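Me: Please give me a close look at one buried spot in a helix. Then carry the description on, step by step, to the helices and loops around the rest of the model.

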Amino acid sequence: MAARMSDWLISNAPLLRNVSVLALLGYSVQLALRSGVMSFATIGFFALGGYLSANLLQADWNWVVVLFVVLIFGTLVALVISPVLRRLRHLYLAMATLAFTLFVQSLALTWRPFTGGAEGMYGVPRVLPQAGMLVIVLIVVFAVWYTQRGAQGRATAALRYDELLSASLGVNVGRQEIIAFAASGAVGALAGFVRVSTAGVFGPEDINFTMVVDALTVVVLGGTILWLGPLVGAIVVATLPLFLADAGHWNLILQAVIVLIVVVYQPGGIVGMVERLIGGARRRLKSDPKKEIARMETR
Amino acid sequence: MLQYVINGLSLGAIYTLFALGLSISWAGLNVLNLAHGTVFMVGALTAWWVASSLTQLPFLAVLLIAMLVCGAIGLAMELLVFRPIRRAGDENQRTLSTVIATVATSALLIAIAEQITGGQPVGMPHDLFGVTSYTFGDLRITNIQIVIIVVALIASIGVAWFIKRARQGQALRALSVDRDMAKMLGISADFLSAATMFSASAIAGLAGVLLAVQISAVEAHMGEALLFKAFAIIIIAGIGSIGATVSAAIALALVETFIAAYWISSLRDVVVFGVIILFLLVRPNGLASKGWQRA
């Protein structure tokens, strides 16, 4: 049994890597979103983390050290740009954070000594063991789940629905948003580290517009708020090409159409849809207003 | 020196045409259309396809077809995506859904375009628009550059007049201030939204064709770099102010041209990003923030 399990893990290594990287990107987007920060900066952080890891690993640094350096670097960059957050709302924030990503993309092409230009970085030591990768993902999932509970979770939820009201109820809005954005930056950069240290290559095609779309797809399909969402979304997005193998080039077109349909008609995503179905059935069986409220709060 | 001014002006004219549509759809409909750059590319691609596979059509007809195709895409986005979203959910959810939907639309159009071009840049047929250049002493200007500058001038004056003076333009401003109130006062919000998306996209298509003729190439990702510049322009100018948008576009293009000429070309985007951050920190509403725009 254990042998078969490890065989499966080894033979599906590329698939697992894709799921892990996509899940981390999804959590990076979601961490910001659930505090009401509409951030498109994730791929920018992903690129920074990826190129930094590639350079450090090529200089033969220990991967555990690189992991922490990347986490700290992602957090610091997020903190440096976070003063902008306080001044901006919704669409402006979306535009400013996307401008950050576009800027990093342009930097990746022009700053050749650090990024390898159009060819990218290759031959990076693939030092991260598969178990390490899975543990990283699990830790992030656990952290997201843990912070969505209790007082912290309720403060975040309040922020998402009404910033003014939550401020008047004693939520430190500015601090919450900066923490959320810093966490988003750290996890985004972490995704870059995981990608480089398992794939060994990193280049402009890893951080282009398609990647922005993929990260958003993961969140949209899984659900923008629920903690399990990005993981489910990542599994769907990573396995979608296997099901659509016959579709060939139509793959990308189909993916975009699916996202459009979900965004327009199922804003809760797959997890939201399933939960609503289960919740509906449960409510019909036994209706308990107190439990309903408790359920709403933990979301 | 004066040569760089001419080049900067024609680049600024392209920026103007591109930023105009983005700015109006944001101001009027509260939509940040991240597919705007892709619609721009579709305009260029349509012109390429019509010119290289259909029988010889005059340039004006090709231009018109490309604009109609782009306008139709804008219309489809409003009818199939923005309108259903607008009718459901709370405001935060709606804003988020709309932005993500424009990203997905963009991905869809890029995937289709790559299918058509095979993922490679394609060359614009040279007989579509005979590009010739005139020289005055040391100065060189091409006829397409003149066309671009004139078209941008006419388009910005037209849009400015429409928003300031025309009855429907006033209605659009009312819509941007309070959609529900405007509807109660008898403004047809649905029609106006559809018309705005159609025109904004058609202008993007126009800009796409003109740029493709100037650089004589079409590529599926050609709109993305422009999106970055348009963000900078909107942040500098503020949303919806036509005069400020035109000035910001030309100023940005001139600065970029001079950096490329006298300093290091690859530093252009660094400077542009620096300007974006500076404005966001010091004056996030832009230089000309007026009453009818929201930040």
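**A helix residue and its surroundings**

Reply: A108(A) is located in helix α6 of chain A, which covers residues 90–110. The model is a predicted one. The relative accessibility of A108(A) is 2%, and since buried means under 20%, this residue counts as buried. Apart from neighbours within four places in sequence, A108(A) has contacts with Y51(A), T115(A), G117(A) and I207(A). A longer view along the chain is given by R34(A): this residue and A108(A) are 74 residues apart in sequence, and their C-alpha atoms are separated by 29 Å.

One of these contacts leads to the next element. Y51(A), a contact of A108(A), falls within helix α3 of chain A, residues 42–58. This helix has 17 residues, and the distance from its first C-alpha to its last is 24 Å, close to the 24 Å expected at 1.5 Å a residue. Helix α3(A) is mostly covered, with 15 of its 17 residues buried.

After α3(A) comes D60(A), a residue in the loop between α3 and α4 (63–81) of chain A. Its phi is near 65 degrees, which is a positive value in a residue other than glycine. D60(A) has a relative accessible area of 67%; because exposed means over 50%, D60(A) is classed as exposed.

Chain B offers a loop residue that may be described in the same terms. N30(B) is found in the loop between α1 and α2 (36–53) of chain B. Its phi is positive, near 60 degrees, and N30(B) is likewise not a glycine. At 23% relative accessibility, N30(B) counts as partly exposed, because this value lies between the limits of 20% and 50%.

The helix named there, α1 of chain B, spans residues 2–29 and includes Q3(B). Q3(B) has a relative accessible area of 18%, so this residue is buried. With neighbours within four places in sequence left aside, its contacts are D138(B), L139(B) and R140(B).

Helix α1(B) also packs with helix α10 of chain B (residues 242–262), at an angle of about 140 degrees and with the axes 7 Å apart. The angle is over 115 degrees but not over 145, and therefore α1(B) and α10(B) are oblique to each other. The crossing in which α1(B) passes α10(B) is right-handed. Sorted by class, the residues in this contact are 17 nonpolar, seven polar and one charged.

A further pair of helices in chain B meets in another way. Helix α5 (residues 143–164) and helix α6 (residues 167–177) of chain B have axes that come within 5 Å and cross at roughly 70 degrees. Because angles from 65 to 115 degrees count as roughly perpendicular, that description applies to α5(B) and α6(B). On the α5(B) side, the contact is made by F162(B), I163(B) and K164(B). On the α6(B) side, Q168(B), G169(B), Q170(B) and R173(B) take part. By class, this contact has two nonpolar, three polar and two charged residues.

Methods:
Residues are numbered from 1 along each chain as its sequence is written. Chains are lettered from A and ligands numbered from 1 in the order in which they are written. This is a predicted model: local features need pLDDT of at least 70, side-chain atom pairs count only at pLDDT 80 or more; totals for chains, interfaces and linings use all residues. Side-chain values use heavy atoms; hydrogens and water are left out. Axes are lines fitted to C-alpha atoms, for helices over the stretch in contact, and angles run from 0 to 180 degrees between N-to-C directions. Helices (H or I, at least four residues) and strands (E, at least two) are DSSP runs, numbered from the N terminus. Angles under 35 degrees count as roughly parallel, over 145 as roughly antiparallel, 65 to 115 as roughly perpendicular and the rest as oblique. Contact means heavy atoms within 4.5 Å. Ala, Val, Leu, Ile, Met, Phe, Trp, Tyr, Cys and Pro count as nonpolar, Asp, Glu, Lys and Arg as charged, and the others, Gly among them, as polar. The expected span of a helix is 1.5 Å times one less than its number of residues. Buried means under 20% relative accessible area, exposed over 50%, partly exposed in between (1.4 Å probe, protein chains only). A crossing is left-handed if the near helix is turned anticlockwise from the far one by less than a right angle, and right-handed if clockwise.
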